[in-house]
Amino acid sequence: MLKFLSFISLFILIFSYAQDDLLKEIDTVKTEESYSPSFKALQVVTAQSTKLPARKEFYLDISHRFGDVSDGFKNFFGLDNATTKLGVIYGLEDWLALSASRHTYQKTYEFGAKYRLFKQEKESPFDIVGYNVLDINSELRKDDFPKLEFSDRFAYLSQLLISRRFTENLTLQLMPSFVHKNLIEPTIDSKNLFSTGLGGRYKISKRVSINAEYFYNFEDKNFYKNPLSVGMDIDTGGHVFQLVFSNSQANTETGYISNATGDWGKGHFFFGFNLYRVF
């Protein structure tokens with residue numbers, strides 16, 4: 001924990017010098033929305049939030065998760081073992097967004113659909129959003145799996161996102177989830193995984209909020225951990241830059257929930273960020 005606090009302090013100090021220039025770069029387009037969504041960003045920390053792009057909005061998503069911070073200078077606090085996500089998201093309608101991305105983690109191609117079912121308005125006390133993902137693991141090789149078929153590369157996520165904005169500063173979100181993988185290592189992984197996540201954000205100033213999320217996995221093989229992540233949203237006025245600290249390095253939706261390897265109690269966690277740019 002001491003390493004974590006020291007790392008946070010160091011990063012905030014460095015970031016404070018670069019913040020002004022960085023925010024000028026990403027604060028490019030302001031979005032007009034017909035209602036106030038529960039979240040400012042598309043993600044709580046790594047998990048999806050109930051916010052969707054507006055119709056015809058096109059997002060470029062660049063996210064990094066660096067290596068284990070506890071490696072210290074050996075891997076320069078994880079910078080030597082970074083994973084990267086490069087993706088796009090398009091608001092087909094105000095209630096429907098489609099996404100595609102490529103991750104260095106397991107060389108995965110990911111396709112997603114996010115769709116709003118209810119808004120938190122007079123007729124509903126909650127924002128309710130459905131989210132479905134198909135992951136294709138292109139790293140699997142026939143040398144390792146001689147009977148490998150293309151469908152073996154598939155993994156799926158089905159998720160319901162239920163959020164409520166309790167006050168101007170506080171929003172909480174419940175995330176019942178189901179992950180299915182066509183090919184696994186049965187001694188350490190589960191083919192079908194039921195999970196429930198709880199996350200939220202709390203604004204500590206006009207432009208900054210502290211976020212957190214935790215998933216409890218009901219199929220525990222005692223190898224992978226339950227993912228626990230904390231983050232910081234920095235609101236530029238039109239968009240949000242997100243800092244992430246998590247015990248799960250994976251940025252893919254299925255890998256993040258089911259393949260967390262870090263142990264917070266031993267100082268094993270991963271630092272990263274999410275950056276969106278709207279066109």
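A residue counts as exposed when its relative accessible area is over 50%, as buried when that area is under 20%, and as partly exposed in between. Keep those cut-offs in mind, and try them on Asp143: its relative accessibility is 62%, so Asp143 counts as exposed. One caution before we go on: what you are looking at is a predicted model.

## How far to trust it

The protein chain averages a pLDDT of 86, and 87% of its residues score at least 70. Residues 14-33 are another story, with a pLDDT below 50. Leaving aside near neighbours in sequence, that stretch still has 27 contacts in the model.

## The overall layout

Now for the big picture. The chain has 279 residues, and 50% of them count as buried. Its accessible surface comes to about 14000 Å², with 60% of that belonging to carbon and sulfur atoms.

How many helices and strands does the chain have? It has two helices and 12 strands. Going along the sequence, the order is α-β-β-β-β-β-β-β-β-β-β-β-α-β. In other words, a helix opens the pattern and another helix sits just before the final strand.

Contacts reach a long way along the sequence, too. Take the contacts between residues at least 6 apart: 56% of them join residues at least 24 apart.

## The barrel

What do the 12 strands build? They make a closed barrel, running 1-2-3-4-5-6-7-8-9-10-11-12 with antiparallel pairing. On average, and ignoring direction, neighbouring strands of this sheet are turned by 20° against each other. As a bit of background, strands of a sheet pair through backbone hydrogen bonds, and they can do so in a parallel or an antiparallel way.

Let's zoom in on a few neighbours. Strand 5 (residues 127-137) pairs with strand 6 (residues 154-165) in the antiparallel sense, over 10 bridges. Here you can find Ile136 standing opposite Phe154 of strand 6.

On its other pairing, strand 6 runs antiparallel to strand 7 (residues 170-181), over nine bridges. Tyr156 has His180 in strand 7 as its bridge partner. A hairpin of four residues takes you from strand 6 to strand 7.

Strand 3 and strand 4 are antiparallel as well, and eight bridges join them. Arg102 is paired here with Tyr109 in strand 4.

## An unusual loop

Stay with strands 3 and 4 for a moment and look at what lies between them. Most residues other than glycine have a negative phi. Which way does phi go at Gln106, positive or negative? It is positive, near 60°, and Gln106 is not a glycine. You'll find Gln106 in the loop between strand 3 (96-103) and strand 4 (108-118). With a relative accessible area of 30%, Gln106 is partly exposed.

Lys107 sits in the loop between strand 3 and strand 4. Lys107 also has a positive phi, of about 45°, without being a glycine. Its relative accessibility is 38%, so Lys107 counts as partly exposed.

## Salt bridges

Side chains of opposite charge can pair when their charged atoms come close. The structure holds five salt bridges, and the table lists some of them.

| Salt bridge | N to O distance |
|---|---|
| Lys40 and Asp235 | 3.8 Å |
| Arg55 and Glu93 | 3.3 Å |
| Asp143 and Arg141 | 3.0 Å |

Where do Lys40 and Asp235 sit? Lys40 is in the loop between helix 1 (2-26) and strand 1 (58-68), while Asp235 belongs to strand 10 (residues 228-235). The two are 195 residues apart, so this pair links distant parts of the chain. Is each partner buried or exposed? Lys40 is partly exposed, with a relative accessible area of 35%, whereas Asp235 is at 14% and therefore counts as buried.

The pair Arg55 and Glu93 also links distant parts of the chain, across 38 residues. Arg55 lies in the loop between helix 1 and strand 1, and Glu93 in strand 2 (residues 83-93). Arg55 has 43% relative accessibility and counts as partly exposed. Glu93, at 31%, is partly exposed too.

That brings us back to Asp143, whose side chain meets that of Arg141 in a salt bridge. Asp143 is exposed, as you saw at the start. Arg141 has a relative accessibility of 48%, which means that it counts as partly exposed.

Conventions
Residues are numbered from 1 along each chain as its sequence is written. This is a predicted model: local features need pLDDT of at least 70, side-chain atom pairs count only at pLDDT 80 or more; totals for chains, interfaces and linings use all residues. Side-chain values use heavy atoms; hydrogens and water are left out. Buried means under 20% relative accessible area, exposed over 50%, partly exposed in between (1.4 Å probe, protein chains only). pLDDT is the predictor's confidence in each residue, from 0 to 100. Contact means heavy atoms within 4.5 Å. Accessible areas come from the Shrake-Rupley method with a 1.4 Å probe; for residues, only the protein chains shown count as cover. A salt bridge is a side-chain nitrogen of Lys or Arg within 4 Å of a carboxyl oxygen of Asp or Glu. Two strands pair if DSSP finds at least two bridges between them. Axes are lines fitted to C-alpha atoms, for helices over the stretch in contact, and angles run from 0 to 180 degrees between N-to-C directions.
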